[in-house]
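Morning, everyone. I'll put one structure on the screen and walk through it, from the surface inwards.

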Amino acid sequence: MVTDGSAGGTAQGTAGPLGRSSFESFLGALLVVPVVEIDCADDAVPLARALLDAGLPCAEITFRTAAAAHAIAAIAAEVPEVRVGAGTVLNVAQAEAALAAGAGFLVAPCFDPAVVAFALERDVPIVPGVCTPTEVGLALAHGLSVVKLFPAEAAGGVKYLKALTAPFGGVRFVPTGGIGPDNLAAYLAVEQVIACGGSWMVKKRLIADHDFDAIRGLAGQACEIARAARPAAG
């Protein structure tokens, strides 16, 4: 596990530097991490404000587009109340670019020892992707206690997640991939799930159409589902 920082019992009002242990507490209060693929950096700030209004002060901007670093920088500068991080981090170069832009955490779809080492050296929160017991074991060997199960639904969904978590009592999971309003509560019902990642409330089409009201509504719905599933987190 990791060190640093204090964390509150709510995901709101948490701007500023966040250490790795505080990030774990933040996830536990947030419950849902919006996973954002954005094509135009100009859309980043209104998107972040819509998420903040809905009660989700967090955005994982994926490095799937050329706009990722610029979008992270815009949110970090103009909406500091929103924790902005980088997702789909595949190599150290992307990790460096993300941190230079102002990302406060890193998320990867796989377990890359070089990326993990880079984050650990800088005491930056990182959630690497895992899908097998061996990969969970690698995370533990590197001192990590929070991992991303990806792709969650394709790997076997909640049933597979329960089987995977059984031997790893000290590990917390962030299932991502195929999660939406119909199965969010089922994932959050698994004790070792700290939060779920999802893109259904921040679909590329909605961002491109500047339909931030729809995003605000979907993000708010996600919060309601999550709080009903885990009322103590609120």
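About 9,300 Å² of this chain is exposed, and 55% of that area comes from carbon and sulfur atoms. Keep in mind that this is a predicted model. Now the charges. There are 22 negative side chains and 15 positive ones. The centres of those two sets sit 6 Å apart.

Next, the overall build. The chain holds 11 helices and 9 strands. Its radius of gyration is 16 Å, and the globule rule gives 17 Å for 234 residues, so the chain is as compact as a globular protein of that length. The C-alpha trace spans about 45 × 35 × 35 Å along its principal axes.

How much of the chain is buried? Of the 234 residues, 53% are. And the contacts? Take those between residues at least 6 apart in sequence: 59% of them join residues at least 24 apart.

Let me zoom in on one element. Strand 3 covers residues 83-87. Why call it largely enclosed by the rest of the structure? Because 5 of its 5 residues are buried, with buried meaning under 20% relative accessible area.

Look at the two faces of strand 3. R83, G85 and G87 point one way. V84 and A86 point the other way. Both groups are buried, the arginine R83 included.

Which way does strand 2 run against strand 3, parallel or antiparallel? Parallel: strand 2, residues 58-62, pairs with strand 3 over 5 bridges. To find the register on screen, start from I61, which stands opposite A86 in strand 3.

That's my tour. Over to you.

Key
Residues are numbered from 1 along each chain as its sequence is written. This is a predicted model: local features need pLDDT of at least 70, side-chain atom pairs count only at pLDDT 80 or more; totals for chains, interfaces and linings use all residues. Side-chain values use heavy atoms; hydrogens and water are left out. Helices (H or I, at least four residues) and strands (E, at least two) are DSSP runs, numbered from the N terminus. The radius of gyration is taken over C-alpha atoms; the globule rule is 2.2 Å times the number of residues to the power 0.38. Buried means under 20% relative accessible area, exposed over 50%, partly exposed in between (1.4 Å probe, protein chains only). Contact means heavy atoms within 4.5 Å. Accessible areas come from the Shrake-Rupley method with a 1.4 Å probe; for residues, only the protein chains shown count as cover. Lys and Arg count as positive and Asp and Glu as negative; His and the chain ends are not counted. The place of a charge is taken as NZ of Lys, CZ of Arg, CG of Asp or CD of Glu. Two strands pair if DSSP finds at least two bridges between them.
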